[in-house]
Amino acid sequence: MPQIPEKIQELTVGQLAARSGAAVSALHFYESQGLISSRRTSGNQRRFSRDALRRVAFVRAAQRVGIPLATIREALAELPEGRTPTEDDWARLSESWRSELDERIKQLNRLRDHLTDCIGCGCLSLETCVLSNPDDAFGERSAGSRLLVERRGSTVKGGRAPSRAREPEVPCCGE
């Protein structure tokens, strides 16, 4: 990893990429999303302050554990501009994200545990399938998977669309 002398207070995008391990395109994206910022030189080149290194590390660590960029942006917005996120900042934010991550882990474990049964069955029944309907959004309306077939035709002469015939619901798994 290239070392940057302490006296250099600003980094080029290439230096920031080399030190952070993030691609230049990722850094441009982070900047467009308001996660890091740069100033432009008279030659229109980006210059990042040294605190961008810690901010990029912060963003990448949060992404690695599944925190959405919008949530990361909100967290970074709470910090004073130009201040490097500290260990205390990370601890505070990671604690606030813990319950969200715990819930995702619980959902993923549930999906993993039912994956073989669901795909092995082949029906993807809304009554029992946690993959096709993890929160049972349609359970109150009906049980089982339904296939709605809708025929779509092109417009006919005169600019009118043909009527759409809707097939009856086809039950799944012999229901």
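Among the contacts in the protein chain that join residues at least 6 apart in sequence, 47% link residues at least 24 apart. This value, like those that follow, was computed from a predicted model. Of the 175 residues of the protein chain, 25% count as buried, and the accessible surface of the protein chain comes to about 12000 Å², with 51% of that area belonging to carbon and sulfur atoms. The secondary structure of the protein chain consists of five helices and five strands, which follow one another from the N terminus in the order β-α-α-β-β-α-α-α-β-β.

Three of the strands form an open sheet, in which the order is β1-β3-β2 and the pairing is antiparallel. Because β1 (10-11) and β2 (39-40) stand at the edges, each with a single partner strand, one side of each is left without a neighbour in the sheet. The pairing of β1 with β3 is antiparallel and extends over two bridges; within this pair, Leu11 has Phe48 of β3 as its bridge partner. On β2, two bridges likewise join the strand to β3 (residues 46-49), and these two strands run antiparallel. Here Arg39 has Arg47 of β3 as its bridge partner, while Arg40 stands opposite Arg46 in β3.

The strands β2 and β3 belong to a hairpin with five residues between them, and Asn44 is placed in the loop that separates these two strands. Most residues other than glycine have a negative phi. Asn44, by contrast, has a phi near 65°, a positive value in a residue other than glycine.

In the helical part of the chain, the axes of helix α1 (residues 13-20) and helix α2 (residues 24-32) come within 9 Å of one another and cross at roughly 105°. Since crossing angles of 65 to 115 degrees count as roughly perpendicular, α1 and α2 are therefore described as roughly perpendicular to each other. On the side of α1, the contact is made by Val13, Leu16, Ala17 and Ser20, and on the side of α2 by Val24, Leu27 and His28. Sorted by class, the residues in the contact of α1 with α2 comprise five nonpolar and two polar residues, with no charged residues.

Further along the chain, Trp97 is found in helix α5 (residues 87-121). With a relative accessible area of 6%, Trp97 is buried, the cut-off for this class being under 20%. When its neighbours within four places in sequence are left aside, Trp97 is in contact with Phe58, Ala62, Ile67, Thr71, Ala75 and Trp90. For one of these partners, Thr71, the C-alpha to C-alpha distance from Trp97 is 9.3 Å, although the two residues are 26 residues apart in sequence.

Trp90, which is among the residues in contact with Trp97, also takes part in a second long-range pair. Trp90 and Ala61 are 29 residues apart in sequence, yet their C-alpha atoms are 9.9 Å apart in space. Ala61 is found in helix α3 (residues 51-64), where Ala61 has a relative accessible area of 23% and is accordingly classed as partly exposed.

Ala70 lies in helix α4 (residues 69-77) and, at 37% relative accessibility, also counts as partly exposed, since this class covers values between the limits of 20% and 50%. A further long-range pair is made up of Ala70 and Leu35, which are 35 residues apart in sequence and 9.2 Å apart in space, C-alpha to C-alpha.

Methods. Residues are numbered from 1 along each chain as its sequence is written. This is a predicted model: local features need pLDDT of at least 70, side-chain atom pairs count only at pLDDT 80 or more; totals for chains, interfaces and linings use all residues. Side-chain values use heavy atoms; hydrogens and water are left out. Two strands pair if DSSP finds at least two bridges between them. Helices (H or I, at least four residues) and strands (E, at least two) are DSSP runs, numbered from the N terminus. Buried means under 20% relative accessible area, exposed over 50%, partly exposed in between (1.4 Å probe, protein chains only). Contact means heavy atoms within 4.5 Å. Accessible areas come from the Shrake-Rupley method with a 1.4 Å probe; for residues, only the protein chains shown count as cover. Axes are lines fitted to C-alpha atoms, for helices over the stretch in contact, and angles run from 0 to 180 degrees between N-to-C directions. Angles under 35 degrees count as roughly parallel, over 145 as roughly antiparallel, 65 to 115 as roughly perpendicular and the rest as oblique. Ala, Val, Leu, Ile, Met, Phe, Trp, Tyr, Cys and Pro count as nonpolar, Asp, Glu, Lys and Arg as charged, and the others, Gly among them, as polar.
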